[in-house]
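Hi everyone, thanks for coming. Today I'd like to walk you through one structure, piece by piece, so please have a look at it while I talk.

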Amino acid sequence: MKTKTKLTLGVGLLFLLIVLLSVISIWYVNALKKDTENILVANYKTLAYSRQMLIALDDIPERAGSLDTFRSNLEKQLANLTEPGEREATNKLKAHFNELIRDSGKNDAYYKLIRQDIGEIMRLNMNAIARKSDAASLTAENANIWIGTTGALCFIIAFTLLINLPGNIANPIRELTNSIREITAHNYHQRVHFESNNEFGELAHSFNIMAEKLEEYAGSNLSRLLMEKKRIETLINNMHDPVIGLDENQVVIFTNNEALQIVGFKKEEVIGKK
């Protein structure tokens, strides 16, 4: 697999998981927010209206405005029917309240019925709060599972990339760099071997071809130089005049037999000496 493909797949998969984690988190946060709002907006308001009606009911004999307060909260409750059975209980409450207003002689009986109706409405909403709270808890548990699973996958993939990817890229580069240094030092026998078929494998193949060409070229030049050296040595040794060759430091680099006979030294005693 190509290195670019590995990077694309690894980073792309990690990116998709991060996006998925973000989407799941946002979705569950909104779900929890919705569950909470359902409790606060619907059920909490009904409990508040019911409380106000109970207070107003107790104040009806003493305070003239209590009927208006009761009627106002009853109208608000009629506009906030959200739970199964709540409409029937609220309609019964309205009917009993109307009977209370019309027949003042049976006040005690209607007070009791109205309190029972309000208690039923509050019971329905308290049960709804418990049910919605359980649903919110379940949503939170599911959120923990999904977010935890996705986060774990992100961690595993990121950790795998952290462990493997730098080595997959850096190790071939390091080996290739060392091989180039060997070539620079005229070690043309150096070869690079990568088992993979990615870009580094192609680069290693090109490098090995280059090293082979340099080795062939260096070998042909060396053979030619050795041949020239032997030819020159043969010419110098066949000359009847003494010949001594010096470099720029006055060191003897070659001499022929005529010169050795004159100076009375052996060849190994002269070569490399000043």
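**A walk through the model**

Let's begin with one side chain: R115 counts as partly exposed, because its relative accessibility is 37%. Before I go further, please keep in mind that this is a predicted model.

So what does R115 form a salt bridge with? The partner is D58, and the closest N and O atoms of the two are 2.3 Å apart. D58 also counts as partly exposed, because its relative accessibility is 43%. If you find the two on your screen, you will see D58 in helix α1 and R115 in helix α4, so the pair ties together parts that are 57 residues apart in sequence. As background for anyone new to this, side chains of opposite charge can pair when their charged atoms come close.

How many salt bridges does a search of the whole structure find? The search finds five. Let me show you two more of them.

One is between R123 and E120, with a distance of 2.6 Å from N to O. Both of these residues sit in helix α4, and they are three residues apart, about one turn of the helix. R123 is partly exposed, because its relative accessibility is 40%. E120 is partly exposed as well, because its relative accessible area is 30%.

The other joins R71 and D68, at 3.2 Å from N to O. Here the helix is α2, and again R71 and D68 are three residues apart, about one turn. R71 has a relative accessible area of 32%, so we call it partly exposed.

Now let's turn to the inside. In soluble globular proteins, nonpolar side chains tend to be buried together. In our model, the largest nonpolar core has 16 residues, and L57, F70, L93, L100 and I114 are the ones with the most contacts inside it. Which helices supply at least two residues each to this core? They are α1, at residues 3-59, α2, at 66-78, α3, at 86-102, and α4. The largest share comes from α4, which gives six residues. There is also another core, apart from that one, with nine residues, including L176, I183, F200 and A204.

Let's stay with α4 a little longer, which covers residues 107-184 and holds L153. L153 is partly exposed, because its relative accessibility is 41%. Together with F155, I156, F159, L162 and I163, L153 makes a nonpolar surface patch of about 650 Å².

G148 is in α4 too. With a relative accessible area of 40%, G148 is partly exposed. Try finding L21 as well: G148 and L21 are 127 residues apart in sequence, yet their C-alpha atoms are 9.1 Å apart in space.

Next comes helix α5, residues 199-237, where you will find N208. Is N208 buried or exposed? N208 counts as buried, because its relative accessibility is 14%, and the cut-off for buried is under 20%. The side chain of N208 reaches the backbone oxygen of V192, at 2.7 Å. If we leave out neighbours within four places in sequence, N208 is in contact with R191 and V192.

N237 is also in α5. N237 is partly exposed, because its relative accessible area is 32%. Which residues does N237 touch, not counting those up to four places away in sequence? N237 touches T255, N256 and N257. By contrast, take D247: its C-alpha atom is separated from that of N237 by 19 Å, and the two residues are 10 apart along the chain.

My last stop is the loop between β1, at 244-246, and β2, at 252-255, because I want to show you a backbone angle. Q250 lies in this loop. Most residues other than glycine have a negative phi, and most peptide bonds are trans. Q250 is not a glycine, and its phi is near 65°, a positive value. Q250 counts as partly exposed, because its relative accessibility is 49%.

To recap, we have seen D58 and R115 form a salt bridge between α1 and α4, a largest nonpolar core of 16 residues, and a nonpolar surface patch that includes L153. Thanks for listening, everyone!

Technical notes: Residues numbered from 1 in each chain as written. Predicted model: local features only at pLDDT ≥ 70, side-chain atom pairs only at ≥ 80, totals over all residues. Heavy atoms only, no water. Patch = residues over 30% accessible without salt bridge, like charges linked within 9 Å, V, L, I, M, F, W, Y side chains within 5 Å. Areas by Shrake-Rupley, 256 points an atom, 1.4 Å probe, with all protein chains shown as cover. Salt bridge = Lys/Arg side-chain N within 4 Å of Asp/Glu carboxyl O. Helix = DSSP H or I, 4+ residues; strand = E, 2+ residues; numbered from the N terminus. Buried < 20%, exposed > 50% of the residue type's maximum accessible area, 1.4 Å probe, protein only. Polar contact = N/O pair within 3.5 Å; in protein donor to acceptor, adjacent residues only side chain to side chain. Contact = heavy atoms within 4.5 Å. Core = buried A, V, L, I, M, F, W, Y, C linked by side-chain atoms within 4.5 Å.
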